[in-house]
Amino acid sequence: MIKVSAKKILTLALGLSFLIMGVSCAKPGARTIKVIGNGEVTYVPDTVSFTVTIREIEPVLKNALAITKKKTQSLLELCKKYSIADEDVKTSYSETGREYEWEGNNRVFKGFRSEQSTKINLKDISKLEQFTGEIFELQVYSIGSFRYSHSKQNEFDAQANLLALDDAKVSAEKMADRMGVKICEVLYISDIDTSYSYSDYLSADYGAISQNKSLNSTSGFVVAPGILSSNREVVVTYRIK
């Protein structure tokens, strides 16, 4: 796995600042060449975030609220069991309303709905199956919105930027050589995040899976997150002579 030191990242950031400032110093009518460079760093994720939704329908609203509150509290206690920090657990306010279903041509009142969602960031992905298995035992409504990442994401992004700069320079040198000119100083740099989001690739309806799963099961999700990538694109303008 590629690693980048904090000192190197800082040096790159300062260098980019001075180069961008140099745009205003470029002489009007200067001969330039603009190139695009691409950099990619792949890695296996080590963290995952997902959302747990608790939804209850009861004839009496206060009963629905009470059950939702009790299950949410049990979920928060489960998070503490897995040593998940408070800042990695975000619980929404409870939402309520009337629940109806169509029976033939009639819209029938089924009860009062109470719904509450909790977003959890699990920093040890190896515990995902066991953790979600215990969440299912709480008889939650759904588990979904899985998003995978890495605790050293910033380092991968910085390394991808460096690779994109190298790629841009090589492209500029090849083009300049073919045209019989030489590249000089950099006049402008701009970077673009083109990283692919693995969560967009997941097509399974995890909410539906959680609802159809046996509520007595102790097995949670077995999800293979695959390989993620940090992709960066830079646009660089060189002066040529």
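Me: What makes K81 exposed in this predicted model?

Reply: Happy to explain! K81 has a relative accessible area of 53%, and exposed means over 50%, so K81 earns the word.

Me: Why is E134 called buried?

Reply: Its relative accessible area is 17%. Buried means under 20%, so E134 is on the buried side of that cut-off.

Me: How do you know that K81 and E134 form a salt bridge?

Reply: Their side chains come to 2.9 Å, N to O. The cut-off is within 4 Å, so the pair counts as a salt bridge. K81 belongs to helix α2 (residues 61-81) and E134 to helix α3, so this contact ties together parts 53 residues apart in sequence.

Me: What makes helix α3 mostly covered?

Reply: Good one! Of the nine residues in α3 (residues 128-136), seven are buried. Among them are L128, F131 and I135, along with E134.

Me: Why is the pair K80 and D86 called a salt bridge?

Reply: The closest N and O atoms of K80 and D86 are 3.3 Å apart. That is within 4 Å, so the name fits.

Me: Are K80 and D86 buried or exposed, and how do you know?

Reply: K80 has a relative accessible area of 55% and D86 one of 56%. Exposed means over 50%, so both residues are exposed.

Me: What makes E99 and R113 a salt bridge, and is E99 buried or exposed?

Reply: The side chains of E99 and R113 meet at 2.9 Å, N to O, which is within 4 Å. E99 is buried, because its 13% is under 20%. Together with R55 and E115, E99 and R113 are linked in a network of salt bridges.

Notes:
Residues are numbered from 1 along each chain as its sequence is written. This is a predicted model: local features need pLDDT of at least 70, side-chain atom pairs count only at pLDDT 80 or more; totals for chains, interfaces and linings use all residues. Side-chain values use heavy atoms; hydrogens and water are left out. Buried means under 20% relative accessible area, exposed over 50%, partly exposed in between (1.4 Å probe, protein chains only). Helices (H or I, at least four residues) and strands (E, at least two) are DSSP runs, numbered from the N terminus.
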